[in-house]
Amino acid sequence: SGVKKWITGGAHADYFVVLARTGGPGAAGCSYFLVPRSEGLETKQISTSYSKAAGTALVIMENVKVPADHLVGGKEGKGFMQAMQNFTKERWLIIARYISAIRFTVEECWKWSL
């Protein structure tokens with residue numbers, strides 16, 4: 001049971017990646033699961049300023065049962081580390097997108113100035 005908020009694509013998704021507490025306190029007590037849309041899982045679309053098509057949603061889980069074989073990576077207690085590694089990769093992709101946009105803007109300004 002739990003809630004996730006601001007999940008892009010959540011209104012349309014059939015599966016959700018969820019970081020859940022499976023053990024004691026701290027990072028070693030967290031595991032990643034692939035949770036299918038099923039009984040007990042509800043989504044509500046959230047209005048955003050950028051795009052209704054993004055399907056940004058509030059995901060509500062009430063007593064959702066997740067099969068043990070839906071553990072991502074196959075090892076319990078590794079979820080926090082997986083999340084941090086994923087954030088690092090996401091940040092590089094975001095940086096690349098912004099650098100590309102900046103480069104395009106500088107090139108267009110240069111053309112205009114000539």
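This passage describes the overall fold, the surface and the side-chain contacts of one protein model.

The model is predicted, and for this reader it should be noted that local features need pLDDT of at least 70, that side-chain atom pairs count only at pLDDT 80 or more, and that totals for chains, interfaces and linings use all residues. Residues are numbered from 1 along each chain as its sequence is written, and side-chain values use heavy atoms, with hydrogens and water left out.

The secondary structure of the protein consists of one helix and five strands, where helices (H or I, at least four residues) and strands (E, at least two) are DSSP runs numbered from the N terminus. Along the sequence these elements follow the pattern β-β-β-β-β-α. The protein has a radius of gyration of 19 Å, well over the 13 Å that the globule rule gives for 114 residues, so it is more spread out than a compact globule; here the radius of gyration is taken over C-alpha atoms, and the globule rule is 2.2 Å times the number of residues to the power 0.38. The C-alpha trace spans about 65 × 30 × 20 Å along its principal axes. Of the 114 residues, 22% are buried, a class that requires under 20% relative accessible area, while exposed means over 50% and partly exposed lies in between (1.4 Å probe, protein chains only).

Two residues stand out in their backbone angles. Most residues other than glycine have a negative phi. Trp6, however, has a positive phi near 65 degrees and is placed in strand 1 (residues 2–7). Asn63 likewise has a positive phi, near 55 degrees, and is found in the loop between strand 5 (57–61) and helix 1 (79–113). With a relative accessible area of 57%, Asn63 is exposed.

On the surface, Leu19, Phe80, Met81, Met84 and Phe87 make a nonpolar patch of about 420 Å². Patches are made of residues with over 30% relative accessible area and no salt bridge, in which like charges are joined within 9 Å and nonpolar side chains (Val, Leu, Ile, Met, Phe, Trp, Tyr) within 5 Å; accessible areas come from the Shrake-Rupley method with a 1.4 Å probe, and for residues only the protein chains shown count as cover. Helix 1 provides the largest share of this nonpolar patch, with four residues. Phe87 lies in helix 1 and counts as partly exposed at 34% relative accessibility.

Side chains of opposite charge can pair when their charged atoms come close. The count comes to two salt bridges, each defined by a side-chain nitrogen of Lys or Arg within 4 Å of a carboxyl oxygen of Asp or Glu. In one of them, Arg103 and Glu107 meet at 2.8 Å, N to O, and because they are four residues apart in helix 1, about one helical turn separates them. Arg103 is exposed, at 58% relative accessible area, whereas Glu107 is partly exposed, at 34%. The side chains of Lys111 and Glu108 also form a salt bridge, at 3.2 Å, N to O, and both residues lie in helix 1, three residues apart, about one turn of the helix. Lys111 counts as exposed at 53% relative accessibility, and Glu108 as partly exposed at 33%.

A further contact places the charged end of Arg97 over the ring of Tyr98, 5.1 Å from its centre, under the rule that NZ of Lys or CZ of Arg is within 6 Å of the ring centre and within 35 degrees of the ring normal.
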